[in-house]
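Got a minute to walk through a structure together? Here it is, ready for a few bench-style questions.

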Amino acid sequence: MVKLVQSVLEEEISSQALAPLIAKYAPEATQGHVTELAALLEPFLRSMPQALSVAIQMTKSRVCGRAVAFATGQALNYVFDENDLLPEQDFGIIGLLDDAYLAHIYAGTLRRMYPQVDTSGADYQPPDHRTINVVRSLLPAGVASALERTVDNLLLVANSLFGGGAGAEEYPQESTP
């Protein structure tokens, strides 16, 4: 499924497709700025499936799997919800910004919480701080902070319900029922 989403995003998202939408929402921006912004947003949006793959890989961990699975279900629900904060039917490709922001923030938080879990198979390169800050500035006021609080609270609840939190002890294979 991740590969399918990835192929659709690669097909639909390009800096050429983003530029006219950015120009539409920011008519005061120069063509150079629009082109630069579109080039910055393209990999941010296209790498959303890899960010979600980090979470999916972590669901298989004995340390945090159940909690991450619970939280990932909720994160995926937001990402695929048609009526989220920036609906794609109203904003087009730009409507994916909040979804991608949540996915990247979620993956980053998981990697900080559970550094011992190997996620190299996700082939994920998180966006740099500059890109994150640019996307934060493009989202309506308060949306980025709300999404960050959502991730933090979701993981807090998930760890409270399913325990195992960061640094939980792994049990040897012979103790597995």
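What follows is a short chat about a predicted model.

Reader: Which residue's side chain makes a polar contact with the side chain of aspartate 98?

Author: Let's place the aspartate to start with: aspartate 98 belongs to helix H7, residues 97-113. It's buried and has no salt bridge, and the nearest side chain of opposite charge, arginine 136, is 13 Å away. A salt bridge would need to be within 4 Å, so arginine 136 at 13 Å doesn't make one. The polar contact, at 2.4 Å, is with the side chain of tyrosine 78.

Reader: Okay, and is Tyr78 among the buried or the exposed residues of H5?

Author: Helix H5 covers residues 65-80. Arg66 and Asn77 sit on the other side of H5 and are exposed. Tyr78 is listed with Gly65, Ala67, Val68 and others in H5 that are buried.

Reader: Within what arc do the buried residues of H5 fall, seen down its axis?

Author: Those buried residues include Ala71, Thr72, Ala75 and Val79. They line one face of the helix, because seen down the axis of H5 they fall within an arc of 140°.

Reader: What covers the buried residues of H5?

Author: Aspartate 98, from H7, is in contact with Tyr78, and Tyr78 is one of the buried residues in H5. H7 is part of the cover, and so is helix H4 (48-58). Also included in that cover is helix H9 (143-162).

Reader: Last one: is asparagine 133 buried or partly exposed?

Author: Asparagine 133 sits in helix H8, residues 129-138. Buried would need under 20% relative accessible area, and asparagine 133 has 47%, so the label is partly exposed.

Notes: Residues are numbered from 1 along each chain as its sequence is written. This is a predicted model: local features need pLDDT of at least 70, side-chain atom pairs count only at pLDDT 80 or more; totals for chains, interfaces and linings use all residues. Side-chain values use heavy atoms; hydrogens and water are left out. Helices (H or I, at least four residues) and strands (E, at least two) are DSSP runs, numbered from the N terminus. Buried means under 20% relative accessible area, exposed over 50%, partly exposed in between (1.4 Å probe, protein chains only). Lys and Arg count as positive and Asp and Glu as negative; His and the chain ends are not counted. A polar contact is a pair of N or O atoms within 3.5 Å; within protein, one must be able to donate a hydrogen and the other to accept it, and residues adjacent in sequence count only if both atoms are side-chain atoms. Contact means heavy atoms within 4.5 Å. The expected span of a helix is 1.5 Å times one less than its number of residues. The arc is that of the directions from the helix axis to the C-beta atoms. Lists of a residue's contacts leave out its neighbours within four places in sequence.
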